[in-house]
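The exercises below are meant to be worked through with the sequence and the coordinates open side by side. Each task is followed by a solution that goes step by step.

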Amino acid sequence: MTDTQTQLRTEDRPRAHARWGWTLLFVSLTLGVGLEAMEGFRWAPLVGDAWAHRLWSLAHFHGAALGLLHLVYVGWAEAPALSEASRAWASRLLRAGSLALPLGFLLGGIAHPEGDPSLGIVFAPVGAVAVLVAVALQMLGTWRRRG
Amino acid sequence: MRRRGEGSRGSVLVWGLAIALGAGLLVWRVRSAARDVRTPVALAPVEYVGSDACRACHPVHEESWRRTFHRTMTQEATADSVLGDFRGVSLTVEGVTSRFLREGGHFLVETRDGEGRIRQQVVARTVGSRRVQQYLVREGDRYIRLPVAWDIEGRRWFHLSAGFLDPDGLDFNAHRSLWDGNCIFCHNVKAQPGYDWERARFDSHVAELGIACEACHGPGAEHVARNTSPVRRYYLHYSGASDLSILNPERLDALPRVQVCGHCHGQRTPEPLARIREFLSNGDPYTAGEDLSRYTAPLQRDSHLQGVDVSLRFWRDGTPRLTAYEYQGLLLSKDFQRGGLTCTHCHAMHAGDPRGMLEPEMRGPEACRSCHADLVARAAGHSRHREGSAGTDCYACHMPKMVYGVMTVHPSHRIQTPDPSRAWRQEMPEACTLCHTDRSAKWAATTLQAQRGLPPREDLPVDSSFDVAESIRALLAGDVVQRVVAASALGDARSATAQPLARLWAVPFLTQALEDDYPAVRRVAWQSLERLVTQAGGVRPALAGSSARLPRFDFQAPVAERAAVIAQWREWWEKLDPRGIPRPDAAVPLDDALRPRPLIIEQLLRRRAAQPAIQIGE
């Protein structure tokens, strides 16, 4: 990777997270509105299925919360306390995690067996770990002395 | 740059190793889960955990069970479970006045106790929640079932002599009985009376009150423990493998499968009988899925039980005539013997209407289609009845309503071919004349022979009573079960005659049955009478108006009170304009004014009087 490319990636990172954040918020809030409508109209496949209801609500909530996290992260994407490699890792993990975690809940509620989410739920813990590591890296950066 | 490349390769290696390790661990766990799932678990020694433990993983099944009357078979007495009217109302039967009261959270029954005193007792538990709710009080080490109960559908208190088949004049406390050594076995999961034979004391326990998950699926502790592993659960979900740590009755062969239900829906005795001591001390050893015959034998017509005439519980051909013998009925059916028919072919434990535990389509010919598709497709031709009529309903001919229990007449669970000669050979009801209530058994036998293209029967009875409509002969001259079945048939929705006025001829005979000395017969006769008059009133409003002014009949009221009500109904019938009321077949002993022919009625009643009185307190 050339210095120019690195420079470009670095400059793009806050923008990328802003895009991720707003997109996630939009998708998740749309899902939330959809869930509320389905609940309002007592759509049987949702209200009659406690697992789907719970999992899709979790997908909506996590998607929205992670969208906000991306928007908060815009201000921290270039935190000088972290090395470029760590910043790149944190950014990638946050993006991967914020995709996998709500997706896992969403898929988990589709065609699930009685009493358990469907296999798509495996994305949720993987995503959760990715987000957790990203947050841990940022946390460590905030505790480190600048420079 | 070189250092960065080395670092990148290192992290790839670390990630690669971690993923490989994780995948290896997962494969190992899946393989051990597969092995574990395939290993049978002996269920008998396993602990019971209760239905609450099932809810987390089986919410849909738990919810569907929660709707059933199985769940509410036995309950602690609470404001939610108690259905009876405890607002200070009273019931007087056989000179004993019982009162039903509430004090705070307690439900009290003031009635005659076991020593003949009137006293108040606190209701501890309830039994039943669909048709009848019985009440248990605690006396020392045991629970006692009271002889007065709540009729849920009729919304009234009654004495159990009207629920069972007892004549008037029975000792008030004849049905005041011990719960711990009797009812406990079938109305709960894994009953253990804990009887101490030396101290003559009970210490009863049940795994769960009512009929819960483990009654049919076996004890669940091992199943719950093993399925805390998500890998095992997901292996089961996606492999389609059976989990051998719990019983799924659907996977059993026909006999052990019907035995799961037959454990309660088939009265039985310990085998050998002396084993009753073990049952009372340690409990019923049967666990769902086992061979029931290892522990008990189903009661049959020829079974011997000290002090009890078991034969009264069966028709003379061995067909059960009381409920809780459905298992015996099915065992006698060729559909089970040759076709492997089981209870769950028709009944659904987790779907459909909790009343009868049947899905809607199973209430009609559809129930038979999976085995008899050709017959169902040509039901009219097969049954020789008009397309769409009650006569094309398989149940009407092959499972006629001739079984009494819990204050209602139910379909027989011995699936048989109709044979009207059973009326004179076995003194039992038969399908044809339960619908064609104005026809004689001889007519049914002759007609059926002709329809089948066979020569006339040579064994037709010479007894002239068989020239009378079979429903009337049975209602007036039959034994108590015949009478209650006939009384029910005369008012049953399933009938050869759909026109309400054309069924009204039965009123004077049902009025006669209101004088029966068995309150159960009086009760069913009154229900039929009321139904016929109500339906006829729908098409002739004047009739509805005049009958509405008459007093209602109370099957357990004092004799004089009942007689006064009967007299008014008789007078009403005699004054009724018979024009427009279709005449029944000549086999019904009515004169031109639609009044019963006294000579024939007398003859039939004399036949009944000549029979020994019977009591079926079950």
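Accessible areas here come from the Shrake-Rupley method with a 1.4 Å probe, and for residues only the protein chains shown count as cover. The model is a predicted one, and every value below is computed from it.

**Exercise 1. Describe the surface and the interior of chain B.**

Step 1. The accessible surface of chain B comes to about 29200 Å², and carbon and sulfur atoms account for 54% of that area.
Step 2. Of the 618 residues in chain B, 49% are buried, where buried stands for a relative accessible area under 20%.
Step 3. The C-alpha trace of chain B extends over about 120 × 65 × 50 Å along its principal axes, and its secondary structure consists of 24 helices and 16 strands.
Step 4. Taking contacts in chain B between residues at least 6 apart in sequence, one finds that 61% join residues at least 24 apart.
Step 5. The charged side chains of chain B number 79 positive and 73 negative, with the centres of the two sets 5 Å apart.

**Exercise 2. Give the corresponding description of chain A.**

Step 1. Chain A contains 5 helices and 0 strands, so that, with helices and strands taken as DSSP runs, its pattern along the sequence reads α-α-α-α-α.
Step 2. The C-alpha trace of chain A spans about 55 × 30 × 25 Å along its principal axes, and 39% of its 147 residues are buried.
Step 3. For chain A the accessible surface is about 8500 Å², with 71% of it belonging to carbon and sulfur atoms.
Step 4. Of the contacts in chain A between residues at least 6 apart in sequence, 74% link residues that are at least 24 apart.
Step 5. Chain A carries 12 positive and 10 negative charges, whose mean positions are separated by 11 Å.

**Exercise 3. Which residues of chain B lose the most area to chain A, and how many salt bridges does the rule find across the interface?**

Step 1. The contact involves 12 residues from chain B and 11 residues from chain A, and the two chains bury about 970 Å² between them, 50% of it on carbon and sulfur atoms.
Step 2. On the side of chain B, the residues that lose the most area are B:Tyr234, B:His237 and B:Tyr238, which together supply 46% of what that side buries.
Step 3. The rule finds 1 salt bridge across this interface; the side chains of B:Arg233 and A:Asp116 form a salt bridge with an N to O distance of 2.6 Å.

**Exercise 4. Is B:Gly116 buried, partly exposed or exposed, and where in chain B does it lie?**

Step 1. B:Gly116 sits in the loop between β4 (106-112) and β5 (118-127) of chain B.
Step 2. B:Gly116 counts as partly exposed because its relative accessibility is 48%, a value in between the 20% and 50% limits.
Step 3. Although B:Gly116 and B:Asn173 are 57 residues apart along the chain, their C-alpha atoms are separated by 8.6 Å.

**Exercise 5. Why does B:Asp492 count as buried or exposed, and which residues is it in contact with beyond its neighbours within four places in sequence?**

Step 1. B:Asp492 belongs to the loop between α19 (480-491) and α20 (507-513) of chain B.
Step 2. Because its relative accessibility is 12%, B:Asp492 counts as buried, the limit being under 20%.
Step 3. With the neighbours within four places in sequence left aside, B:Asp492 is in contact with B:Lys401, B:Arg503 and B:Arg531.

Definitions and conventions:
Residues numbered from 1 in each chain as written. Chains lettered and ligands numbered in written order. Predicted model: local features only at pLDDT ≥ 70, side-chain atom pairs only at ≥ 80, totals over all residues. Heavy atoms only, no water. Helix = DSSP H or I, 4+ residues; strand = E, 2+ residues; numbered from the N terminus. Buried < 20%, exposed > 50% of the residue type's maximum accessible area, 1.4 Å probe, protein only. Contact = heavy atoms within 4.5 Å. Lys, Arg positive; Asp, Glu negative; His and termini not counted. Charge placed at Lys NZ, Arg CZ, Asp CG, Glu CD. Buried area = accessible area lost by both parts, 1.4 Å probe. Salt bridge = Lys/Arg side-chain N within 4 Å of Asp/Glu carboxyl O.
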